[in-house]
Each structure stands twice: as C-alpha cells, then as structure tokens.
Amino acid sequence: MNLLLQHLVVLPIIIPLMAGAAMLFLSEASRGARTTLALASVLAQLAIGGVLLHLTSDAAAYIWQEGVGVYAIGNWPAPFGIVLVVDRLAAVMITLGAIVSLTTLVYSISRWDRPGQPFHSLFQLLTMGLNGAFLTGDLFNLFVFFEVLLAASYGLVLRGGGVARVKAGMHYIVVNLAASFLFLIGVALIYGVAGTLNMADLAGRVAALTREDRALFDTGAAVLGVAFLIKAGSWPLNFWLPGAYSAATAPVAAMFAMMTKVGLYAVLRVGTILGADDRLGAALFYLGLATLVTGSIAMLGAKHLARLVTYSVLVSTGILLAALGLQVDALTSPVLFYLIVSVLTTAAFFMLTGMTTDRTRVADPPGEARGGSAAEISPFYVGYGIKEPSVQPDDDEEIGIPIPATIAFLGLMFVCCVLLATGLPPLPGFVAKFMLLSTALTQPPGADGSAAVWALCGAVLLSGLAGIVALSRMGMRLFWSPIARETPRLRVLEAAPLALLVALCIGMSIGTGAVTNYLDAAARSLHQPDTYIRVVLAQRGGEHAEEHAR
Amino acid sequence: MEIVYALAIGVLAGSGVWLLLRPRTFQVLMGLTLLSYATNIFIFGMGRLALHQAPIIEAGHAVDPTLYADPVPQALVLTAIVIGFATTALFLVVLLALRGMTGTDHVDGREPET
C-alpha cells in the first residue's frame, strides 16, 4: 500500500502507456481482450483521479506535505531531474479527463472503433499525453507530453478517411507543428536566460534577473504563451480548429473537447507560477473577448450541428480566456467550474452529433461504411427498454404523430445540451455563468476595470442569446423538419455515456456547493504558488540530506 | 561566430516561414523542415557557443563549470529532433494521401479558380 502511494503520481502516465503498448501485440481479431484492456486502463485512471482528489484535499493533508504530491522521476532531485507534481488543480483535471475518456471509450465501442487496433492504442496514448501535461512540473517535459497528445490526435483525427478529413487533418498537423516550434523557441529562450526548466525553480530565479535579461525572459514567455493560445484555440489563432474538430468522428471530437482545455490549463499553470504580467492579462482579456464574439457570430452562421458545436467550443474558450484576463484571483474558481461544465457539455454534444444520422457529419463512421456488419454486432434496437422505434399502432383513435422513442431521447438530450451550452437554468451552465459574472461584478479588477467587466458581461449574455437562436434553429431542423428520413437507431452503448454525461452535469448543479468548495481551495493554492514551489524544492533538501548521510 | 550563427538561424527561419505560407503541400513540408532546423540550432545556441569544451564532467573532483559546455540544450535538441522528425514524417504521409485522393498538391485539395 505504501509502495502504491509512493508511485501513485506516476501511474496516470504509466497505465495508459502500458495498455496502449500491450494492445499492439494483440491481433486484430482479439477485439474483446483489447476492449477490456482499454476499459480497465481508463477505469484505473478514473480511480486514481478520485484518490488524487482525496489526497490533495484538506481531509488528507497529513499524507502529503501541504497537500501537494511530488514524484521525482528516476529519483533525481528537483531542479535537475524532472518532477511530476499533483496539486488540487492537476487532480481535478486528471479526474475530468478520465471521466471524458471513459464515456468516450464506451461510446466508441459501439461501432466507432473498428478497425480497432490503432484506435485503442492511439486513444490510450492520448490519455497518457493529457495526464502527463497536467502532472508535469517541467517546461520541456510539458512540450514532450503535448507532442505525445498531439501525435495521438493526428492519428485519431484522420480516422474514417475521406477527402474532407484528410484535408482538415493536414491543416491541423501543419498548424500544430508550427505551434510546437514556437513552443520550443519559447522554452529555449527561457532556459537560455534563467538556466532552468523546472517551473518551481524558475519562479525563484525570475525575480533575480537583471533588467536586460528580464526583457529576454518576457519575450520567451510571450512566445510560449502564443504557442499555448494556438492549442487553446484563441482568436486569431483558431482557424484550424473548426475544420479539424467538425471533420473528426464523434468520439474523437468528444476527446478533443478536453484537448483545447490543456492549452488553457498551461496558460493558467505557467501564468500563475511565473507571476503574470499586467500587459499579459490585458492581452488575454481582449483575445478572449474577440474569440467570444467571433465564435458567437460563427455559431449563428453554422449550417451543420458538428460545426455549431465546434463554434460553441470557441465561445467557451473565449469566456475562459477573457475571465482569466481580468486577473481577479476570486474569478479563478468560477473559471474552473465553467471549464468543467463546458468540457462535459461539449463532449456530450459531440456524442450527440454522431447519433443523429443526418447530413451533419462529413462522412459515415467507419463501422457503417463496411456494410451491415456493425448492425449485426450491436443489435440493440431500442434504448432504455422501450419498444421498437417507429412502430405504428393499429387503432385509429390515435391523435397526432407518435414520436419514436429514439427521437424523444435524442431530443431530450439535445435540449439538455442546449441548456448547458447556452447557460440557462436549472443546469450548471447557468450556475457557472452566474458565478462568473456575479464575482466579476462584485470584485471589479482595479479602478478602471469596471468597463472591462461590463464588456465581458454583455458579451457573455449576448453570446448566450446567439447560442440559443442558433441551436434552437438547428434543433427544429434536426427533429421537427418534415423531411422523411430514417429514424436513427439508438444503441445502448452510445446512449448510456451521453446520458451519464448529462446526468453528471445535473449532479454538478445539485452538488455545486461541494464542487465550488474544492475549486475555491484549488484556486487559492494556485494564487499562492509559494506552497507549490516550497514543496517541489524541499524535496531537493531531503535528497541531499540522504546523500550526505550515506 | 555568434553573428554567423545568428544569421544562419535567421536565414533558415525566414525561408521556412516563407515556404510554410506557400500553397503547395511539398513547399509547406520543406518549410516545416527548415523551421525545425532553425529551432533546433536555436535551442543549441541557448547553451552558449563554446569551442573545445566537453559537456561531460568527470565525477569525483570539483570542477569549474565555465570550462564545460552546457549538456542540457544538447539533450533538449536530441528530443526535439526526434519529435520534429517523426511528426514531419507523419505529415508527409498525409500529404501523399491527400495528393492521391484529390489529384492536386494544393493545400486546399483543389486548384484555385483563376
């Protein structure tokens, strides 16, 4: 047990790596074994996420020094070796990632994962990259995990083939490769000036820099910030995003909902540790506002559901960036709450796009393209034990048109997703936006900040209105239009994860108190990076003492 | 030496960016390659340029670190080269796939209307 606790922090990276590698040795025929392995790996990650949440909370503060867990890879002491650090924010992100990957994996098993070998391996490597990016305490290591994540996503976005996908995938690869080079240049500049890559060590050294060095350091940090913003999908660096996300198959797009948030996480983490600049905050605010406005306009113009959902990702990114840009410490907790809600919503929404079989997707999923085999493997006609869809009752007394159960379920889910995405009560989208705006209004940033706050409020509310207009129009077209089209079949494996995500959101609005308490603590520790820095570097002292003893 | 070094990085990065903005996929590929060269040389330069200095310090006795080259950027460059090379190779595959599917090497998958 003690050994497990000691190595717990590295497990979210090791488990998917091992699972992904082991799958390569399984033949294409052993589908059951591969699926079991994938599910076991994701479930283990979820369990570890839960344990990490507990260990970093106040309830278990005695286990790790001040609730921050540090793992020195290869037992090299902190500023020289690479450390993995888990604090509250990292624990939240890992758990969120595990929830999304579990639901997405179950969703994909129904038909999207065939042929399965590369899909499942890539999926595991993607989760490994996600977890690594959340855990690492080293800038260059962050780059490496970003690349692991991106390399897996390059493979996943191309799944299903077709000209549109390959084209969107190519644009995605080019933009992200260029962003990676920017990332490297930023990291190299920072190393060249400060002489370290460990984030905790950097924080101490930044203060000691001379003025000339400081200018160079800021340049490096700015280049790094641009790279993060490209990954986060901030305007004007997000033109690659709609194409890639709407061309990807539904489960891949649902995973991508998590990926843009990695860029935001990096902005938040590196920004708070290195001590954000006022100019940086203003830049973030205006970029976020521009992302928000352009995303809302694009939502109004979108013609396909997948595209519409993609633009709602941009809107949420815009809100998050603009709120972070106000640089009010009290806003961080509502920002995190909104981040969680928006990730769950977008994942659910992308799943929905894969279930409404109309022209909203670029092409059919791979399972469909191979003829009727998919239908034979999963013959669950009816979701939720209701009778066969599109059944016609014989009696003539019936008034109106019977709504098939599938359409009823999909419609209900669609309504829930719309409520979540646009921020209408009673779902947590409303709670998140309300907390965000009320905190911003009660604690304006500085003397001249109230104009910025009002601009943000106006933009957020108008974007909600635009979202309602766009989504209700889309909903009418999808569910009410008189075009005779086949009723989509509902598969339990697809419906259950979707329902689970929506139920989780509803649960979040019931348990808002508990969630916000935890997030408040996470935000507090983010804005007092001294604890983080002390714990990471204290580990060096311990190691040295041990060496001397020997 | 620094001037020559900086000029080399500048030329590589400049031509890389120019090629990256071209409409043909092969030019984009070449642009990415040149950009990755520029980035790698830049990372290496961040360890300070030095002649005849080893990056490995012998164990056992105290040494003056100014007499040695910085090994960290060299290690970073190795990692960056591997990652950059692998992703560029992947890009090459996608490039060929798109070329085969659309019959054109334009990045948009179709020739612009003149």
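**Exercise 1. State how many helices and strands chain A has, and how much of chain A is buried.**

Solution. The model is predicted. Step 1: chain A holds 22 helices and two strands. Step 2: of its 550 residues, 56% count as buried. Step 3: turn to the contacts in chain A between residues at least 6 apart in sequence; 80% of these join residues at least 24 apart.

**Exercise 2. Describe the secondary structure of chain B and decide whether chain B is spread out or compact relative to the globule rule.**

Solution. Step 1: chain B has three helices and zero strands, and its pattern along the sequence reads α-α-α. Step 2: the globule rule gives 13 Å for 114 residues, while the radius of gyration of chain B is 20 Å, well over that value, so chain B is more spread out than a compact globule. Step 3: the C-alpha trace of chain B spans about 70 × 30 × 15 Å along its principal axes. Step 4: buried residues account for 26% of the 114 residues in chain B. Step 5: of the contacts in chain B between residues at least 6 apart in sequence, 52% join residues at least 24 apart.

**Exercise 3. Work out which elements of chain A touch chain B, and give the residue classes on that side.**

Solution. Step 1: the contact involves 22 residues from chain A and 25 residues from chain B. Step 2: on the side of chain A, the elements that give two or more residues are α6 (139-157) and α7 (163-194). Step 3: α7(A) supplies the largest share of this side, 16 residues. Step 4: by class, the chain A side has 18 nonpolar, two polar and two charged residues.

**Exercise 4. Compare the span of α3(B) with the expected one, then find what covers its buried residues.**

Solution. Step 1: α3(B) runs over residues 71-102; at 1.5 Å a residue its 32 residues should span 46 Å, and the end C-alpha atoms are 47 Å apart, which agrees. Step 2: list the buried residues of the helix, among them B:Leu76, B:Ala80, B:Ile83, B:Thr87, B:Phe91 and B:Leu98. Step 3: the cover over the buried residues of α3(B) includes α6 and α7 of chain A, together with α2 (25-45) of chain B. Step 4: just after the helix, B:Gly103 takes a positive phi of about 75°.

**Exercise 5. For α13(A) and α17(A), check the span and decide whether each helix is enclosed or not.**

Solution. Step 1: α13(A) covers residues 305-325, and its 21 residues should span 30 Å at 1.5 Å a residue; the end C-alpha atoms are 30 Å apart, which agrees. Step 2: 21 of the 21 residues of α13(A) are buried, so this helix is largely enclosed by the rest of the structure. Step 3: just after α13(A), A:Gln327 has a positive phi of about 55°.

Step 4: α17(A), residues 405-422, has 18 residues and reaches 26 Å between its first and last C-alpha, close to the 26 Å expected. Step 5: in α17(A), 14 of the 18 residues are buried, so that helix too is largely enclosed by the rest of the structure. Step 6: A:Gly423, just after α17(A), takes a positive phi of about 80°.

**Exercise 6. Determine how α2(A) and α3(A) are oriented, and which residues make their contact.**

Solution. Step 1: two packed helices are described by the angle between their axes and the distance between the axes. Step 2: the axes of α2(A), residues 11-23, and α3(A), residues 31-56, come within 10 Å and cross at roughly 175°. Step 3: an angle over 145 degrees counts as roughly antiparallel, so α2(A) is roughly antiparallel to α3(A). Step 4: the contact residues include A:Leu11, A:Ile15 and A:Ala19 of α2(A), and A:Arg34, A:Leu37 and A:Ile48 of α3(A). Step 5: the classes in this contact are eleven nonpolar, two polar and one charged.

**Exercise 7. Place A:Met351 and A:Glu494, and establish what each touches.**

Solution. Step 1: A:Met351 sits in α14(A), residues 332-355. A residue is buried if 20 or more other C-beta atoms lie within 10 Å of its own; A:Met351 has 28 such neighbours, so it counts as buried. Step 2: not counting residues up to four places away in sequence, A:Met351 touches A:Tyr107, A:Ala250, A:Ala254, A:Glu494, A:Pro497 and A:Leu498.

Step 3: A:Glu494 belongs to α20(A), residues 492-510, and is buried, with 27 other C-beta atoms within 10 Å. Step 4: with the same exclusion, A:Glu494 touches A:Tyr107, A:Ser110, A:Met351 and A:Met355. Step 5: A:Glu494 and A:Pro251 are 243 residues apart along the chain, and their C-alpha atoms are separated by 9.9 Å.

Conventions:
Residues numbered from 1 in each chain as written. Chains lettered and ligands numbered in written order. Predicted model: local features only at pLDDT ≥ 70, side-chain atom pairs only at ≥ 80, totals over all residues. Helix = DSSP H or I, 4+ residues; strand = E, 2+ residues; numbered from the N terminus. Rg over C-alpha atoms; globule rule 2.2 N^0.38 Å. Buried ≥ 20, exposed ≤ 12 C-beta atoms within 10 Å, placed from the backbone. Contact = placed C-beta atoms within 7 Å. Nonpolar A, V, L, I, M, F, W, Y, C, P; charged D, E, K, R; others polar. Expected span 1.5 Å × (residues − 1). Axes fitted to C-alpha atoms, helices over the stretch in contact; angles between N-to-C directions. Parallel < 35°, antiparallel > 145°, perpendicular 65-115°, else oblique.
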